[in-house]
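Morning, everyone. Please have a look at the sequence and the structure on the screen. I'll walk you through a few parts.

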Amino acid sequence: MASPAPERASGSVQSVERAFQLLEALADAGGVATLSELSGSSGLPMPTIHRLVRTLATQGYVRQDTARRYTLGPRLIRLGETAGRLLGSWARPYLAELMEATGETANLAVLEGGEVVYVGQVQSRRSMRMFTEVGRRVQPHCTGVGKALLAQLPEDEARAVLGTQPLPAHTEFTVTDVDRLFEQLAHAREAGYVVDDQEQEIGVRCIAVTVPGAPTPTALSVSGPEARIRALEEQSGSGALVTVMQGIAKRLGDVLAP
C-alpha cells in the first residue's frame with residue numbers, strides 16, 4: 001500500500017516536493033526500483049513518475065540500468081559528501097559538550113555504503129587520547145558506533161550490510177561470529193548503548209549510543225584508553241554515563257530531524 005503523501009507546506013513548489021519524494025522512495029528501496037515499484041511506494045501517479053524520472057535522469061540524479069530499473073545517480077554523491085561534512089559542523093557543540101562531560105574523545109558516525117564513516121570529532125584534552133580522522137571508513141562489526149548503527153536497522157538490512165563473507169578479526173577480542181554479534185545488537189537495543197572493548201584496536205574502549213530522530217542512522221560515542229574508560233564507567237556508574245550520552249544524542253537528534 002502506498003504511503004500517504006505528506007502535507008504540503010505553504011508556498012511550496014509541488015514539482016520539487018514530488019521530485020524529492022521520488023528520490024526518498026528510491027532510497028528506501030535500496031537505491032534501485034522499477035517505475036511501477038516507485039509509483040506504488042511513493043503514491044505518485046505513473047505519468048508524474050515518468051516526467052520526474054526523465055528530468056532527474058537528465059540532471060544525473062537518477063540513472064537507468066541495463067534491466068530498465070532506475071537507480072540513484074552519481075551526481076548525488078557530491079551532495080551527500082558535502083552534507084556529511086556539514087553534519088560534523090552542526091554536531092560540534094554537542095560533541096564538545098560530551099567531551100567536557102567525560103574528558104574523553106567524542107565521535108559522530110553514520111552508515112554509508114556498508115561502512116561506518118566518521119563525520120565529526122572533538123578530541124580529549126589529555127596527552128594520551130584517541131584520534132580518528134574525520135572521513136575515515138571502518139567496518140561496523142568491530143566498532144562501538146558501527147554496532148550502534150547496525151542496531152538501528154531491521155535484521156535483514158543489518159545482515160545485508162555485513163555481507164556474506166566471514167567477519168574479519170582486527171584483534172583477539174573482535175566478535176566474528178554473526179549470531180553472537182546479533183545478540184550484542186539485541187542487547188544494545190534493550191540497554192540503549194553498546195560497547196567496543198578493544199575490538200578495533202588493542203587498548204581502546206568505546207561506548208556508543210544512537211542519535212534518535214536523525215535522517216540517517218547516526219551514532220555518538222566516547223572513546224579512550226581502555227583503563228580510563230572503565231574508570232569513567234565505575235566513577236559515574238555506567239547507567240549515569242549512558243544517560244548523559246543519551247541526553248546529548250537526543251538534543252542533537254532534535255536539531256538534525258527533518
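How many bridges join strand β8 to strand β9? The count is 7. Keep in mind that this is a predicted model. Strand β8 covers residues 204–210, strand β9 covers residues 218–225, and the two run antiparallel. Let's look at two pairs. A208 has S221 as its bridge partner in β9. T210 stands opposite A219, also in β9.

Now the other neighbour of β9. That is strand β4, residues 105–112. Here 6 bridges make the join, and again the strands run antiparallel. One pair to find on screen: V110 in bridge partnership with T218 of β9.

Let's zoom out to the sheet. It is open and has 6 strands. Read the order with me: β6-β5-β4-β9-β8-β7. The pairing is antiparallel. Which strands stand at the edges? They are β6, residues 137–138, and β7, residues 194–197. Each has a single partner strand, so one side of each is left without a neighbour in the sheet. A quick reminder for anyone new to this: strands of a sheet pair through backbone hydrogen bonds, either parallel or antiparallel.

Back to β9. Is it enclosed or open to the outside? Of its 8 residues, 8 are buried, so β9 is largely enclosed by the rest of the structure.

Next, one residue in strand β8: R205. Buried or exposed? Its relative accessibility is 8%, and the cut-off for buried is under 20%, so R205 counts as buried. Its side chain makes a polar contact with the side chain of D197, at 3.4 Å. R205 also touches residues further along the chain, among them V222, S223 and G224. I229, R230 and E233 are on that contact list too.

Now a contrast: M128. Where is it? M128 sits in the loop between β5, residues 115–122, and β6. At 53% relative accessibility, with exposed meaning over 50%, M128 counts as exposed. Beyond four places in sequence, M128 touches P225 and R228. Then look across to G213. M128 and G213 are 85 residues apart along the chain, and their C-alpha atoms are separated by 33 Å.

Let's step back to the whole chain. It is divided into domain 1, residues 14–72, and domain 2, residues 79–256. The C-alpha centres of the two domains lie 33 Å apart. What does the UniProt record add? An unreviewed entry there carries the annotation "domain: HTH iclR-type" over residues 13–74. In the model, that span is 60% helix and 13% strand. Its end C-alpha atoms lie 25 Å apart.

Last topic: confidence. The chain averages a pLDDT of 86, and 91% of the residues score at least 70. Where is confidence lowest, and where is it highest? Lowest is helix α4, residues 75–102, with a mean of 82. Highest is helix α5, residues 144–150, at 96. One stretch to flag is residues 1–6, where pLDDT stays under 50. For those residues the model has 7 contacts beyond four places in sequence.

That's my tour. Thanks for listening.

Note on methods: Residues are numbered from 1 along each chain as its sequence is written. This is a predicted model: local features need pLDDT of at least 70, side-chain atom pairs count only at pLDDT 80 or more; totals for chains, interfaces and linings use all residues. Side-chain values use heavy atoms; hydrogens and water are left out. Two strands pair if DSSP finds at least two bridges between them. Helices (H or I, at least four residues) and strands (E, at least two) are DSSP runs, numbered from the N terminus. Buried means under 20% relative accessible area, exposed over 50%, partly exposed in between (1.4 Å probe, protein chains only). A polar contact is a pair of N or O atoms within 3.5 Å; within protein, one must be able to donate a hydrogen and the other to accept it, and residues adjacent in sequence count only if both atoms are side-chain atoms. Contact means heavy atoms within 4.5 Å. Domain bounds come from an automatic or database domain assignment. UniProt positions are given in the numbering used here, feature names are shortened, and annotations may be inferred rather than shown by experiment. pLDDT is the predictor's confidence in each residue, from 0 to 100.
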